[in-house]
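User: I am new to this structure and would like a close look at its sheet. Please walk me through how the strands are arranged, then show me what surrounds them.

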Amino acid sequence: MKNSKGSLMAKRLLSDIGFDEITHLSMKLFVSGLGATLVEEELQNSDGKIVRGKTKTLIKVNSQIPYESKKRFTIAHEVGHFLMHEKIEVHNENSNTLNWFVSTETQLKKGLQEWEANDFASELLMPEQIFRNETLGKSFSPDLIKYLSERFKTSITSTVFRCLHLDIHPLLVVFIYNGTVKYWDKTSNWNYWIKDITKLAPPDDSVAMEYINTDYEFIYCGKEKAQLISKSTWCNLNKYDEDTDFFEYCIPTKQNKTIISVIWEK
């Protein structure tokens with residue numbers, strides 16, 4: 001059974017403070033209102049930190065994080081620890097603990113508290129009902145992800161995974177690191193048989209492989225971000241299955257050699 005302590009806490013908090021969402025609220029003001037102090041400073045080997053003292057709690061975020069959307073998620077994650085995990089006195093966050101975007105099993109191995117804090121941050125920044133309302137009547141596309149990320153001031157990646165976890169549209173999401181598929185996840189309404197691709201290179205005819213072959217350069221932009229592929233690229237076909245048209249949208253990071261590949265039916 002999925003642990004939803006974090007999202008339930010975020011919903012309760014929003015209800016208690018009388019806000020439907022905090023998108024337009026300063027995170028410094030928000031943290032202050034909860035009785036903690038937000039400090040933005042350069043941190044070594046850490047994106048965020050919580051320091052709980054006898055009379056005051058500091059929530060720190062690394063000033064070197066280049067994206068405001070990532071700072072917001074880091075702060076929201078620390079607020080989750082602040083509200084839910086009283087025994088944490090000093091705690092550092094890095095790319096592993098903040099990485100909401102690994103498989104549920106892997107995330108749970110990193111610690112239940114990290115799962116809960118990420119679940120809290122996701123619901124706090126992208127409240128479920130408002131997020132669903134913003135997607136009503138809209139087909140899935142890179143443009144929809146861009147719109148939602150700007151609407152909620154969240155990263156493209158966190159927005160993709162919010163769509164995934166809320167079953168907004170039948171999706172398959174594949175995480176690729178250094179040319180190898182590390183894991184995949186799908187919505188509950190994805191009804192296709194996925195190829196056994198974990199620990200292997202992505203399919204030769206996938207868009208992900210195009211990005212790998214071009215050293216993770218941005219090769220598609222605008223409408224071209226949604227590339228037409230075949231169902232058989234990522235899915236196994238049964239004997240009588242038709243090989244229909246699907247789309248693939250890749251989010252590469254050259255520095256980290258990662259690709260998040262999103263696949264959906266045309």
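Analyst: Strands S7 and S8 pair in the antiparallel sense, over 4 bridges. One point to find is Ser 230, whose bridge partner in S8 is Asp 245. Keep in mind that this is a predicted model.

Now step from S8 to S9. Strand S8 covers residues 245-253, and strand S9 covers residues 258-265. These two also run antiparallel, paired over 8 bridges. Two of the facing positions are easy to pick out. Tyr 249 has Val 262 in S9 as its bridge partner. Cys 250 stands opposite Ser 261 in S9. The connection is a hairpin, with 4 residues between S8 and S9. In that turn, Lys 257 has a positive phi of about 55°.

Widen the view to the whole sheet. It has 5 strands, in the order S6-S5-S9-S8-S7. The sheet is open, and its pairing is antiparallel. Its edges are strand S6 (180-186) and strand S7 (227-230), each of which pairs on one side only. From one strand to the next, the twist averages 30°.

Next, the aromatic rings. The whole structure holds 8 aromatic pairs. One of them joins the two hairpin strands. The ring centres of Phe 247 and Trp 264 lie 5.5 Å apart, with the planes at 35°, so this pair counts as tilted. Phe 247 belongs to strand S8 and Trp 264 to strand S9, 17 residues apart, and the pair links distant parts of the chain. Is Trp 264 buried or exposed? Trp 264 is buried, because its relative accessibility is 3% and the limit for buried is under 20%. Phe 140 joins these two rings: Phe 140, Phe 247 and Trp 264 form one aromatic cluster.

Another pair makes a useful contrast in labels. Tyr 211 and Tyr 220 have ring centres 6.2 Å apart and planes at 70°, so they are edge-to-face. Both Tyr 211 and Tyr 220 are buried.

What packs against S8 and S9? Helix H7 does, through its buried residues. Helix H7 spans residues 142-152, and its buried residues are Pro 142, Leu 144, Ile 145, Leu 148, Ser 149, Arg 151 and Phe 152. The same buried residues also pack against helix H3 (68-84), helix H5 (112-125), helix H6 (128-135) and helix H8 (156-165). Look at the end of H7. There, Arg 151 lies over the face of Phe 152, at 4.5 Å from the ring centre. After H7 comes Lys 153, with a positive phi near 55°.

Helix H3, one of the partners of H7, contains Lys 71. How does Lys 71 count, buried or exposed? Its relative accessible area is 7%, so Lys 71 is buried. Setting aside residues up to four places away in sequence, Lys 71 touches Glu 40, Val 61, Asn 62, Ser 63 and Ile 65.

Return to the edge strand S6. A loop runs between S6 and helix H9 (207-213), and Lys 195 sits in that loop. Lys 195 counts as partly exposed because its relative accessibility is 26%. Which residues does Lys 195 contact, leaving aside neighbours within four places in sequence? They are Ser 232, Thr 233, Trp 234, Cys 235 and Asn 236. Leu 237 is a further landmark. The C-alpha atoms of Lys 195 and Leu 237 are separated by 9.2 Å, although the two residues are 42 apart along the chain.

Cys 235, one of those contacts, brings up the cysteines. Cys 235 counts as buried because its relative accessibility is 1%. Cys 163 is buried too, since its value is 0%. How many disulfides are there in the whole structure? The search finds 0.

Finally, place the sheet within the chain. There are 10 helices and 9 strands. Of the 266 residues, 48% are buried. Among contacts with a separation of 6 or more, 53% come from residues 24 or more positions apart.

Notes
Residues numbered from 1 in each chain as written. Predicted model: local features only at pLDDT ≥ 70, side-chain atom pairs only at ≥ 80, totals over all residues. Heavy atoms only, no water. Pairing = 2+ DSSP bridges. Axes fitted to C-alpha atoms, helices over the stretch in contact; angles between N-to-C directions. Disulfide = S-S within 2.5 Å. Buried < 20%, exposed > 50% of the residue type's maximum accessible area, 1.4 Å probe, protein only. Phe/Tyr/Trp six-rings, centres within 6.5 Å; stacked < 30°, edge-to-face > 60°. Lys NZ or Arg CZ within 6 Å of the ring centre and 35° of its normal. Contact = heavy atoms within 4.5 Å.
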